[in-house]
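Me: I'm new to this structure and don't know where to start. Could you pick one part, take a close look at it with me, and then show me how it connects to the rest?

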Amino acid sequence: MPAAPDFGKELERLEAIVRQLETPDLDLDQALQLFEEGVERLRAARERLTAAQAKVKQVLTDHAGTLRVDDLDG
Amino acid sequence: MGQPLDMFGAVAPDGAWSVSAVNRRARMAIEGSLEPLWVQGEMTGLKVHQNGHWYFTLRDKQSQLRCTMFRDDARRVPAEPAEGMEVLVYGRPSIYEKRGDFQVTVSRLHSTEEGGLFRIAFEKARAALAKEGILDRPRKPLPLYPRWIAVVTSVDGAALRDIMAVAARRWPVAQIAVIGTRVQGEGAADEVVRALRTITQLTKVDVAIVGRGGGSKEDLQVFNEERVARAVAAVPVPVISAVGHETDVTLCDLVADHRAATPSAAAQMATPDREEVMEGLGHLGVRLAHGLSSRVQRMEERAGRTGDKLVTAIERRLEVVGSRLSVASGRLDALSPLGVLGRGFAVPRDATGRVLRRAADFRAGERFDLRVVDGTVKARVEN
């Protein structure tokens with residue numbers, strides 16, 4: 001089973017970035033870095049959401065009890 | 001068996017029958033002339049032998065009838081009938097040769113009472129689960145953003161189609177792992193139990209749906225099996241029970257972490273709505289932009305206070321024409337750095353890409369790049 005993006009973690013990181021960026025005594029360099037990271041992450045997250053296409057797999061067990069994951073209907 | 005009935009043909013002592021021969025003959029005669037039949041009567045004296053066979057007597061006001069039900073048939077009966085319960089049995093009249101007992105070998109047994117044996121089985125199992133604390137154990141919360149959703153149901157059923165449709169619409173980010181099982185009939189409960197155990201091996205799964213579409217009371221029986229309920233409780237990730245039914249709660253519902261009235265509703269519970277998540281991202285983008293712009297603003301204010309000419313000059317330059325575009329417009333495309341740059345912010349960097357953020361970073365005459373919304377402007381620090 002392939003790994004899928006963990007949106008929970010991604011959003012947590014974004015929240016953290018935003019909170020940090022909202023801290024008054026942040027220097028500009030850091031602010032820009034955070035901003036750029038945040039923007040990049042936001043864009044990636046948005047792209048993933050837009051492009052996401054649900055995949056359905058069927059889990060099969062062979063005689064030896066080994067699991068196999070196939071595409072459903074093919 | 002086609003022989004004429006001549007059980008009592010031997011009347012002379014020297015032609016006496018053996019006991020076994022009489023019983024065998026009687027058995028053949030009875031089996032040859034009486035087809036399997038339905039009998040209704042009152043259940044009494046049920047004994048469950050340790051080998052699993054059932055022995056009991058049916059009676060009415062006048063008579064009694066001994067019955068035997070073999071293990072494989074008895075196992076299919078949801079619960080042991082109570083003493084005095086009115087039951088219907090289907091079986092073959094015969095003679096147990098060893099004892100010479102007339103009896104019916106029963107293959108099916110139903111209660112004639114409402115809910116009947118299913119009700120008894122349900123209450124018994126519920127009591128057992130309650131006693132072990134399985135019914136009131138803490139429930140596992142659902143993941144907010146599931147990645148893999150395991151679905152235990154029939155591969156051909158409407159339930160799976162509904163779940164797939166709802167999940168694909170709401171949260172296509174998640175992948176669905178279908179563990180197909182039969183959901184009714186002989187052996188279905190064992191398949192569901194196996195499928196539920198399989199989830200343990202699928203370590204990426206973060207939520208599971210088990211269920212089927214609506215059906216008759218008997219169709220839903222699998223989800224009232226005690227061993228299915230135990231298997232549901234043993235799944236390491238949160239389980240949503242989705243057994244289509246109108247009024248009755250199944251054991252599975254009672255044990256699962258969450259209960260949905262239909263498979264579609266289960267898919268909805270298991271997934272966030274992509275549109276809402278998208279909206280949330282938009283809000284984060286706005287906050288990001290605000291965070292940066294207020295930071296830049298503070299720098300400008302400080303520059304104004306200190307009267308640092310160079311900083312003031314640079315910061316003025318940072319604030320290019322577009323700065324008046326409203327931050328509050330809400331249409332801010334904060335998802336791209338270009339979005340903020342488009343509002344008038346610019347980022348100065350030296351030849352190595354390092355952000356120039358202090359006056360001291362700028363040396364008179366030195367060239368630097370000013371990143372603005374539609375490209376990079378070559379700039380030079382004036383004397």
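**A strand and its surroundings**

Reply: Let's start with one pair of residues: L58(B) stands opposite L65(B) in β3(B). Keep in mind as we go that this is a predicted model.

L58(B) belongs to strand β2 of chain B, which covers residues 54–59. That's the part I'd like to look at closely. Which way do its side chains point? They alternate along the strand: W54(B), F56(B) and L58(B) point to one face and are buried, while Y55(B), T57(B) and R59(B) point to the other face and are not buried. That fits a general pattern, since side chains in a regular strand alternate between the two faces of the sheet.

Now for the neighbours of β2(B). On one side is strand β3 of chain B, residues 64–69, which pairs with β2(B) in the antiparallel sense over six bridges. We've already met L58(B) opposite L65(B). Further along, T57(B) has R66(B) as its bridge partner in β3(B), and Y55(B) stands opposite T68(B). The two strands form a hairpin, with four residues between them.

Strand β1 of chain B, residues 37–48, also pairs with β2(B): five bridges join them, and they run antiparallel. Here L58(B) turns up again, as the bridge partner of M43(B). β1(B) and β2(B) make a hairpin too, with five residues between the strands. Have a look at G52(B) in that turn, which has a positive phi of about 100°.

Follow β3(B) onward and the pairing switches direction. β3(B) pairs with strand β5 of chain B, residues 101–111, in the parallel sense over four bridges. One residue to find there is T68(B), which stands opposite T105(B) in β5(B). You may remember T68(B) as the residue opposite Y55(B).

Where does this chain of neighbours lead? It goes round a closed barrel of five strands in chain B, in the order β1-β2-β3-β5-β4, with mixed pairing. From one strand to the next, the twist averages 55°.

Next, compare the barrel with another sheet in the model. This one is open, with seven strands in the order β2(A)-β1(A)-β7(B)-β6(B)-β8(B)-β9(B)-β10(B), and its pairing is mixed as well. Its edge strands are β2 (67–71) of chain A and β10 (258–259) of chain B, each pairing on one side only. Inside it, strand β6 of chain B (residues 148–153) runs parallel to strand β8 of chain B (residues 207–212), with four bridges joining them. Across that pairing, I149(B) stands opposite V207(B).

Helices pack on this open sheet. α4(B) touches β1 (56–61) of chain A as well as β6, β7 (175–180) and β8 of chain B, and its direction makes about 165° with that of β6(B). Helix α5 of chain B, residues 188–201, touches β1 and β2 of chain A together with β6, β7 and β8 of chain B, again with a direction about 165° from that of β6(B).

α4(B), which covers residues 158–170, also has a helix partner: it packs with helix α8 of chain B (residues 263–270) at an angle of about 30°, with their axes 8 Å apart. Angles under 35 degrees count as roughly parallel, and α4(B) and α8(B) are therefore roughly parallel to each other. The crossing is right-handed. On the α4(B) side the residues that meet α8(B) include A159(B), I163(B) and V166(B), and on the α8(B) side they include P263(B), A266(B) and Q268(B). By class, this contact has seven nonpolar, two polar and two charged residues.

So far chain A has appeared only in passing, so what does it look like? Along its sequence it follows the pattern α-α-β-β, and of its 74 residues, 20% count as buried. Where the open sheet crosses between the chains, β1(A) pairs with β7(B) in the parallel sense over three bridges, and V56(A) has I176(B) as its bridge partner.

The contact between the chains takes 39 residues from chain A and 39 residues from chain B. On the chain A side, α2(A) gives the most, with 14 residues. That side divides into 24 nonpolar, five polar and ten charged residues.

Key. Residues are numbered from 1 along each chain as its sequence is written. Chains are lettered from A and ligands numbered from 1 in the order in which they are written. This is a predicted model: local features need pLDDT of at least 70, side-chain atom pairs count only at pLDDT 80 or more; totals for chains, interfaces and linings use all residues. Two strands pair if DSSP finds at least two bridges between them. Axes are lines fitted to C-alpha atoms, for helices over the stretch in contact, and angles run from 0 to 180 degrees between N-to-C directions. Angles under 35 degrees count as roughly parallel, over 145 as roughly antiparallel, 65 to 115 as roughly perpendicular and the rest as oblique. A crossing is left-handed if the near helix is turned anticlockwise from the far one by less than a right angle, and right-handed if clockwise. Two residues are in contact if their C-beta atoms, placed from the backbone, lie within 7 Å. Ala, Val, Leu, Ile, Met, Phe, Trp, Tyr, Cys and Pro count as nonpolar, Asp, Glu, Lys and Arg as charged, and the others, Gly among them, as polar. A residue is buried if 20 or more other C-beta atoms lie within 10 Å of its own, exposed if 12 or fewer, and partly exposed in between; C-beta atoms are placed from the backbone.
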